[in-house]
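Hello,

Here is the structure I promised to pass on to you. Could you have a look at it with the notes below at hand?

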Amino acid sequence: MSLQAITRPPAQRQARAVRLGPRSVAALALVSAVGVAGFGWPFLAPPGSRIGAHAQDAPWLFAGVLVLLVAVVAAAISESGLGPKAVAMLGVLAATGAALRPIGAGTAGIEPMFFLMVLSGRVLGPGFGFVLGSVTMFASALLTGGVGPWLPFQMLAMGWFAMGAGLLPGPDRLRGRAELAMLAGYGFLAAFAYGTVMNMAGWPFMSALASNVAFDPHAPVAANLARFVAYCLATSLGWDLGRAVVTVVLTLTLGPAVLRALRRATRRAAFETPVTFDAAGK
């Protein structure tokens, strides 16, 4: 009796995103909930609470998020059943993104890694995008020596950034200029969102500057929200705008070639293509 593998020709395969199982989705929801609490505690805690009173200790407390995030990412990879080809692609993309990050170091807004995260999340899906964004930021921190209490927040924010691209509509149908326009628009808005979220990681600890835009643990939520908006406008608007423009330009110019390469690699890897066997003859 012989066995014959029944597979579709590579040219007929469609690039499919890596899908995560229910436990991985629950794990991502858990780490995201912890991240929201970690970023948003100044608005979640009531005025005069013990959290606000011990604000100076918060960076070290939230540094523990790094350990939780790494553990959840490892569990997500394991539970999803990613094969060696998918893990290899994750490593290649993470290394590429980590290598791109230092290019714009010290120059406002020149951060080419963001456009790669947008395109990778689009092709490979939200789950893979979250893992890729987190791993890329971790690898780039090791490469540039940027390891510190802020790293867990960067990993979470970049994971959300790439995951959002995977949640955009029409992953199997939308192509061409319409898709590029959508990705460019997402990259523009998400670049500002990333900068705003990362401002939350440092803004509550600026009280020593005695500034009228610093976090006041005794002020109501509305007053602190107004202070935070003023802080973002005064400190990071120019950087966020540069990041957004660079992401749009690279997406529109390099996007078609990168999308084709990612989809070709995904089809060849055939992460979720089942191989069936049919008994033929005796």
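Let me start with Asp-240, which is buried, with a relative accessible area of 4%. Please keep in mind throughout that this is a predicted model. Asp-240 has its place in helix α11, which covers residues 237-269. If you set aside its neighbours within four places in sequence, Asp-240 is in contact with Ala-191, Phe-192, Gly-195 and Thr-196. Thr-247 is also found in helix α11. Thr-247 is buried too, with a relative accessible area of 1%. Again leaving aside neighbours within four places in sequence, the contacts of Thr-247 are Phe-114, Phe-115 and Gly-187.

Now a step back to the whole chain. The protein has 11 helices and two strands. Reading along the sequence, you will meet them in the pattern β-α-α-α-α-α-α-α-α-α-α-α-β. Of the 282 residues in the protein, 44% are buried. Taking the contacts between residues at least 6 apart in sequence, 83% join residues at least 24 apart.

Next, the helix pairs, beginning with α6. How do helix α6 and helix α9 pack, and at what angle? Helix α6 (residues 113-124) and helix α9 (residues 176-202) have axes 10 Å apart and pack at an angle of about 125°. That angle makes α6 oblique to α9, and the crossing in which α6 passes α9 is right-handed. On the α6 side, the contact is made by Phe-114, Val-118, Leu-119 and Arg-122. On the α9 side, Glu-179, Met-182, Leu-183, Tyr-186, Gly-187 and Tyr-194 take part. You will recognise Phe-114 and Gly-187 here, as both are in contact with Thr-247.

Helix α6 also meets helix α8 (residues 151-166): their axes come within 6 Å and cross at roughly 45°. α6 and α8 are therefore oblique to each other, and α6 passes α8 in a right-handed crossing. From α6, the contact uses Met-113, Phe-114, Met-117, Val-118, Gly-121 and Arg-122. From α8, it uses Met-158, Phe-161, Ala-162, Ala-165 and Gly-166.

Is α8 mostly covered or mostly exposed? It is mostly covered, with 15 of the 16 residues of α8 buried. From its first C-alpha to its last, α8 reaches 23 Å, close to the 22 Å expected at 1.5 Å a residue. Following the chain onward, Leu-167 is placed in the loop between α8 and α9. Leu-167 is exposed, with a relative accessible area of 58%. Its C-alpha is 7.1 Å from that of Gly-125, although Leu-167 and Gly-125 are 42 residues apart in sequence.

Helix α9 has a contact with α1 as well. The axes of helix α1 (residues 22-44) and α9 come within 8 Å and cross at roughly 70°. α1 and α9 are therefore roughly perpendicular to each other, and α1 passes α9 in a left-handed crossing. In this pair, Phe-39, Gly-40, Pro-42 and Phe-43 of α1 meet Val-197, Met-198, Met-200 and Ala-201 of α9.

Helix α10 is a nice one to turn around on your screen. It spans residues 221-235, which is 15 residues, and reaches 21 Å from its first C-alpha to its last, close to the 21 Å expected at 1.5 Å a residue. Which residues of α10 are buried? They are Asn-224, Phe-228, Tyr-231 and Cys-232. These residues cover an arc of only 95° around the axis, which puts them on the same side of α10. An α-helix has 3.6 residues a turn, so residues three or four places apart point the same way. The face of α10 turned away from that buried side carries the exposed residues Ala-222, Ala-226, Leu-233 and Ala-234.

One last place to look is Ala-95, in helix α5 (residues 84-100). Ala-95 is partly exposed, with a relative accessible area of 45%. The C-alpha atoms of Ala-95 and Thr-136 are separated by 6.8 Å, while the two residues are 41 residues apart along the chain.

Happy browsing, and best wishes!

Terms used
Residues are numbered from 1 along each chain as its sequence is written. This is a predicted model: local features need pLDDT of at least 70, side-chain atom pairs count only at pLDDT 80 or more; totals for chains, interfaces and linings use all residues. Side-chain values use heavy atoms; hydrogens and water are left out. Helices (H or I, at least four residues) and strands (E, at least two) are DSSP runs, numbered from the N terminus. The expected span of a helix is 1.5 Å times one less than its number of residues. Buried means under 20% relative accessible area, exposed over 50%, partly exposed in between (1.4 Å probe, protein chains only). The arc is that of the directions from the helix axis to the C-beta atoms. Axes are lines fitted to C-alpha atoms, for helices over the stretch in contact, and angles run from 0 to 180 degrees between N-to-C directions. Angles under 35 degrees count as roughly parallel, over 145 as roughly antiparallel, 65 to 115 as roughly perpendicular and the rest as oblique. A crossing is left-handed if the near helix is turned anticlockwise from the far one by less than a right angle, and right-handed if clockwise. Contact means heavy atoms within 4.5 Å.
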